[in-house]
Every structure is written in structure tokens, then in C-alpha cells.
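Trainee: I would like to practise reading a structure feature by feature. Could you walk me through one?

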Amino acid sequence: MNRNRPYDVRIFPDLASLSGSAAALIADLSRSAAVSRPAFTMAISGGSTPKRLYELFSSGPLRDAIPWAKVHLFWVDERCVPKNHPDSNYKLAFDTFLSRVALPESNIHCIAGELEAEKAAETYESDLRCFFRDASLPVFDLVLLGIGEDGHTASLFPGSGAVREKKRWAMPVYGGVPPLNRVTLTLPVLNNAARVLFLVASREKAGVVHEILEDDNPKAYPAGMVRPAHGLVAWYVDREAAGALTDVMMRKIKSVENKIA
Ligand code: 6PG
């Protein structure tokens, strides 16, 4: 664990403002990358929290602010369902922005959820190795993560063997709600990212947010194990999910958006 680099924690009044700030950050990062590099690599999550952010990608000014031709899009996890299934993380992205922005088809690196989990994980890992040219580990410019009430992130669930994986980049897992076969990126990959952004909303997550951010991850929640050695980790948390943070912590958080009382 990297104890030298603290989390950058920001608290927002609601999911709309949190999503707007995340979108602005992603536009800035992708534009800076596009100036000097051939690609901006981003791995995204499923779940309900990032939906607003994804909708912003394809609406108004942001659709034109992000240099889509240079964005290479990956997924942190996927459910083993067909691409048109309501539980598909690819479908979430397709419906909210992929179908509306000028992202070249060849820049979309989705997980083949229609395959059996082991095969889908192997295929995804070989796609990643091909794209990252056999680097010892990929370095994503940005990884977008969510967190469950049980402390899972991506499809890394507490107690699952996938949390201990050291070699594989992508793994099959079974679990979650609904319990399904899934494919997830592993912690060595997440912990090699240049930047990780957690998006967290709703009061149900207040307890686990407090434990990870203030108690130093006492139960070794998978989300609390994402601490890239050379990367930045930011937590964008809405007021409800920040509801169990202590006054001491709140005073330490410099960027409390819109002066939350
Ligand atoms: C997924 C995820 C998962 C998600 C959390 C939070 O595909 O479901 O990648 O880790 O981010 O479960 O989900 P919510 O945003 O729905 O609370």
C-alpha cells in the first residue's frame, strides 16, 4: 500500500455536480494527452452511478470537447451476458454515449460478455497485451471505478480469489448482484494506472466510504486496495455517501464543492 500519496477526496452536493466535475476532468485529461500522445486510454465501470457522467459525454459541449478519435476505451469489468442484455456494461456505454460520439470502432476494446467467462477473460487479456504491446502491465491513463456497499470494486468481491491474483490481467469471477459470471481486471492492473477516479453516491455507501477513507481499510475491502504506487487516486463522493465522515476528516478535505454545510 502506498501511504505517501493521500487520496484526493472531493465531496459534491449531488450526483449531478459530481458527474459534471468528473466529466470536466476527463475532458481536460484527454485533451492534454491528445496534444502529445497517440492515445488516451480509459477503462470504465458499469453500475448506476456513472450513468449521468456517460450521458454528459454525448451531450452539449463535452461531446466536442473530448478528442474521441484518440480515446481508447476499455472496461474494468463485464457481466457474461450478450451485448444487448440490460446487465451488459457495454450496453450501458453504448446507450449513453458510444452510439452518439465519434469514437472509432477500432478504439473500442470491450469484454466479450457473450462468451463463457474463462474464455472471455483470456480473450480480453490477450487484447490488452496486444494493445499495450506486451508491457509487463498496462498503464491506463484513467480508470473509472465504483464501489458497492460490501466494498467491492470492478468485479473484485470481498473474499474472492480474484482479489489475490498477482499474474493475470483479467479474470473470470462469479458473484455480485445479481450473482453472475463476470470478467474483471485484477488489482495489479488497477494499481498500475496513472490515475484512478472513484465515483460514489448514495447513503448506503456512507459506512464503507468512512471505513476506507478514515479507518484505513480495516476489512481489506477490495476498493480500499486500489492504491497505485505511481498513480493518483481521487474519490468523488456525493453528500450522502460522505454522510459518515467525521468532522475531523471533513476539515481535512480541502475541496468541498459548493460549500456544503
Ligand atoms: C459493475 C461495476 C461495479 C460497480 C459497483 C457500484 O459493473 O457493476 O463495475 O463494481 O461500479 O457495483 O455500482 P453502482 O454504481 O450501481 O452503485
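Trainee: Which polar atom lies 2.8 Å from the backbone oxygen of T96?

Mentor: Bear in mind as we go that this is a predicted model. The partner is a polar atom of the side chain of S58. The side chain of S58 also makes a polar contact of 3.5 Å with the side chain of R100.

Trainee: Where does S58 lie, and is S58 buried or exposed?

Mentor: S58 sits in the loop between helix 2 and helix 3 (60–65). Its relative accessibility is 6%, so S58 counts as buried. Setting aside residues up to four places away in sequence, S58 touches R63, T96, F97, R100 and V101.

Trainee: T96 and F97 bring me to helix 4. How many of the residues of helix 4 are buried?

Mentor: Let's begin with the general idea. An α-helix has 3.6 residues a turn, so residues three or four places apart point the same way. Here, seven of the ten residues of helix 4 are buried, so helix 4 is largely enclosed by the rest of the structure. Seen down the helix axis, these buried residues fall within an arc of 155°, so they line one face of helix 4. They are N89, Y90, L92, A93, T96, F97 and L98.

Trainee: Which elements do the buried residues of helix 4 pack against?

Mentor: They pack against strand 2 (40–44), helix 2 (51–57), strand 3 (71–75), strand 4 (77–79) and strand 5. For the N-terminal end of helix 4, look at S88, which caps it: a side-chain oxygen of S88 lies 3.2 Å from the backbone nitrogen of Y90.

Trainee: What follows helix 4, and where is N107?

Mentor: N107 is in the loop between helix 4 (89–98) and strand 5 (108–109). A loop residue can be checked for burial just as a helix residue can: N107 has a relative accessible area of 5%, so it is buried. Beyond residues up to four places away in sequence, N107 touches W68, A69, K70, V71, H72 and L73.

Trainee: Let me try a residue in another helix. What is L128 in contact with?

Mentor: L128 belongs to helix 5 (residues 117–131), and is buried with a relative accessible area of 0%. Leaving out neighbours within four places in sequence, L128 is in contact with F74, F140, W169 and L185. As for K51, which is 77 residues apart from L128 along the chain, the two C-alpha atoms are separated by 25 Å.

Trainee: Now the ligand. Which residues come nearest to the ligand?

Mentor: Of the 14 residues around the ligand, S48, T49, H152, A154 and K205 come nearest. Next, look for polar pairs. A polar side-chain atom of H152 lies 2.6 Å from an oxygen atom of the ligand. On the backbone side, a polar atom of A154 is 2.6 Å from a ligand oxygen, and one of G46 is 3.4 Å from a ligand oxygen. The protein covers 87% of the 410 Å² of accessible area that the ligand has on its own.

Trainee: One last feature: how many disulfides does the structure hold?

Mentor: A disulfide is a covalent bond between the sulfur atoms of two cysteines. The structure holds zero disulfides.

Trainee: Why is there no bond from C80 or from C130?

Mentor: For C80, the closest cysteine sulfur is in C110, 13 Å away, which is too far for a bond. For C130 the closest is also in C110, at 15 Å, again too far for a bond. C130 is exposed, with a relative accessible area of 62%.

Terms used
Residues are numbered from 1 along each chain as its sequence is written. This is a predicted model: local features need pLDDT of at least 70, side-chain atom pairs count only at pLDDT 80 or more; totals for chains, interfaces and linings use all residues. Side-chain values use heavy atoms; hydrogens and water are left out. Helices (H or I, at least four residues) and strands (E, at least two) are DSSP runs, numbered from the N terminus. Buried means under 20% relative accessible area, exposed over 50%, partly exposed in between (1.4 Å probe, protein chains only). Contact means heavy atoms within 4.5 Å. The arc is that of the directions from the helix axis to the C-beta atoms. A polar contact is a pair of N or O atoms within 3.5 Å; within protein, one must be able to donate a hydrogen and the other to accept it, and residues adjacent in sequence count only if both atoms are side-chain atoms. A residue is near a molecule or strand if one of its heavy atoms lies within 4 Å of it. Accessible areas come from the Shrake-Rupley method with a 1.4 Å probe; for residues, only the protein chains shown count as cover. A disulfide is a pair of cysteine sulfur atoms within 2.5 Å.
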